[in-house]
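Please walk me through this structure. I would like to know how its chains are arranged and how its helices pack.

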2 protein chains.
Amino acid sequence: MSRQTHVSTLLRLFRQFGYEGLTLSKISQETGLGKASLYHHFPGGKTEMAEAALCQVNQWLETKILPSLAEAASLEENLQIKPIDAFRAMCQDVNHFFNEGQNACLWAVLVLEQSSNDLFHSQISWAFSQWIQAIAKVLISAGLDETLAQQRGEDAMIAIQGALILCHGMHDFTSFKRMINQLPQQLCQGIED
Amino acid sequence: MSRQTHVSTLLRLFRQFGYEGLTLSKISQETGLGKASLYHHFPGGKTEMAEAALCQVNQWLETKILPSLAEAASLEENLQIKPIDAFRAMCQDVNHFFNEGQNACLWAVLVLEQSSNDLFHSQISWAFSQWIQAIAKVLISAGLDETLAQQRGEDAMIAIQGALILCHGMHDFTSFKRMINQLPQQLCQGIED
DNA sequence: CACTTTGTACCGTTCGTTCGGTATATTGAC
DNA sequence: GTCAATATACCGAACGAACGGTACAAAGTG
């Protein structure tokens, strides 16, 4: 079993219990690896395990979300992708990634623990701003004002993160689904087709 | 020093470090109380301390937020409070409570730690739904459709929670201020004056 | 005096981490 | 092809430190 095999498990555990809340005993139990084996794959210990999980999330963003947004923002002469369709695809990926809202977001989990904040802050901050910029560029390429486009990108992040919090607090995930359905149109308000 | 004196400190610490991330040593250090004193005031230990902090947040909701919303929703003949003004006042309180976005939300912190989830879930869930209902009733009393009013209440929670996450992740609190400024009008969209 | 509040020392447990070592598989030398 | 050498994956046991929590007597307070 390679290191990468266990990163998905790590991601699941860290976003479920948080950094401080997740113990090596639990990791050992869930991965089926002894504690010593964990240190073979992750010599940096718990910190490196969390970094690996965080890295997986950021790679999801880089490979599944950012490219198609960049494509929709590109100003090639044969502009075939409409912004609304790009955002619909994005929301579909988001919906799948967060399991219809039932998965917490590792970014949010780590952000809210100041103890682990400094360690991972740069990567989380990078992810947020990349995503916001990617959305903004799509809207700018559709003729929207630059400032407003940036704000809409922020609003998308706010909607996703807020809906996850609310749904987990209420144990009711209908709000997340509604948000996912409404977000594309909300982002495209006032842009010409 | 009475018990209540230290609850504010507890609230600050729990929302800063989370439940698992906050240790009794740190609490002892920050309050200036020895462990014995802490257990004198909070016989239930760490759990009771977190509950006291959570209770303070919920009491803030009950005393500062819900009453004025209920007043704005009341259908007395001399209806002097306009919805937009009620929401503006609410947002001002929220802005102050979260220190312009720089304070994390204890609800969100506890919600994202599944370990502590079951202990506090009922109180957090209660708080969310009470707040949503209070907003919805204001909008309903202004003639808005009931389903849409409920959704706007949820959207307000989503906006607040999401903005807090985003701002903490970016170490930039301008989005929170913008959200606070925009929220009242957003909630009142399409209602007659 | 009675009663509340606190300091000190301590409990058992669990934390993250490390050590020494064992299988199995792959490689290299001859 | 044989056999030593190396690399990889894994584990049990234990480490010191810190955890949440407790017992109890001293100190403060009316």
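The paragraphs below take up the relation of the two protein chains, then the helix contacts, then the DNA.

The model is a predicted one. Two copies of a chain are related by a rotation about an axis and a shift along it. Here, a turn of 180° with a shift of 0.1 Å along the axis lays chain B on chain A, and the RMSD is 0.1 Å. That is the relation of a two-fold axis. The residue of chain B that comes closest to this rotation axis is G162(B), whose C-alpha lies 1.8 Å from the axis.

The contact between the protein chains involves 35 residues of chain B and 35 residues of chain A. On chain B, at least two residues each are supplied by α1 (3–17), α6 (106–111), α7 (114–141), α8 and α9. The most comes from α8(B), with 13 residues. By class, the side of chain B that touches chain A holds 17 nonpolar, 14 polar and 4 charged residues. Of the interface residues of chain B, 100% are also interface residues in chain A, so the copies meet through the same surface.

Within this interface, the two copies of α8 can be looked at as a pair. Two packed helices are described by the angle between their axes and the distance between the axes. For α8(A) and α8(B), the axes come within 6 Å and cross at roughly 110°. Angles of 65 to 115 degrees count as roughly perpendicular, and α8(A) is therefore roughly perpendicular to α8(B). On the chain A side the contact is made by E154(A), M157(A), I158(A), A159(A), Q161(A), G162(A), A163(A), I165(A) and L166(A). On the chain B side it is made by E154(B), M157(B), I158(B), A159(B), Q161(B), G162(B), A163(B), I165(B) and L166(B). These residues divide into 12 nonpolar, 4 polar and 2 charged. G162(B), one of the residues in this contact, is also the residue of chain B that comes closest to the rotation axis.

The helix α8(B) also packs within its own chain. Residues 146–170 form α8 of chain B and residues 174–187 form α9, and their axes lie 10 Å apart at an angle of about 170°. The two helices are therefore roughly antiparallel to each other. From α8(B), the residues R152(B), A156(B), A159(B), A163(B), L164(B), L166(B) and C167(B) meet S175(B), F176(B), M179(B), L183(B) and L187(B) of α9(B). This contact consists of 10 nonpolar residues, 1 polar and 1 charged.

Another helix pair of chain B is α1(B) with α2(B), the latter spanning residues 24–31; they pack at an angle of about 135°, with their axes 10 Å apart. The two are therefore oblique to each other, and α1(B) passes α2(B) in a right-handed crossing. H6(B), T9(B), L10(B) and L13(B) of α1(B) meet K26(B), I27(B), E30(B) and T31(B) of α2(B). By class, the residues of this contact are 3 nonpolar, 3 polar and 2 charged.

The remaining topic is the DNA. DNA strand C is surrounded by 15 residues, and the closest are A36(A), G45(A), G34(B), A36(B) and S37(B). In chain A, α2 (24–31) and α3 (35–41) each supply at least two residues of the surface near this strand, as does α3 (35–41) in chain B. The largest share, 4 residues, comes from α3(B). The surface near DNA strand C has 6 nonpolar, 6 polar and 3 charged residues.

Definitions and conventions
Residues numbered from 1 in each chain as written. Chains lettered and ligands numbered in written order. Predicted model: local features only at pLDDT ≥ 70, side-chain atom pairs only at ≥ 80, totals over all residues. Axes fitted to C-alpha atoms, helices over the stretch in contact; angles between N-to-C directions. Parallel < 35°, antiparallel > 145°, perpendicular 65-115°, else oblique. Contact = placed C-beta atoms within 7 Å. Nonpolar A, V, L, I, M, F, W, Y, C, P; charged D, E, K, R; others polar. Near = placed C-beta within 6 Å. Least-squares fit on C-alpha atoms with pLDDT ≥ 70 in both. Left-handed = near helix turned anticlockwise from the far one by under 90°.
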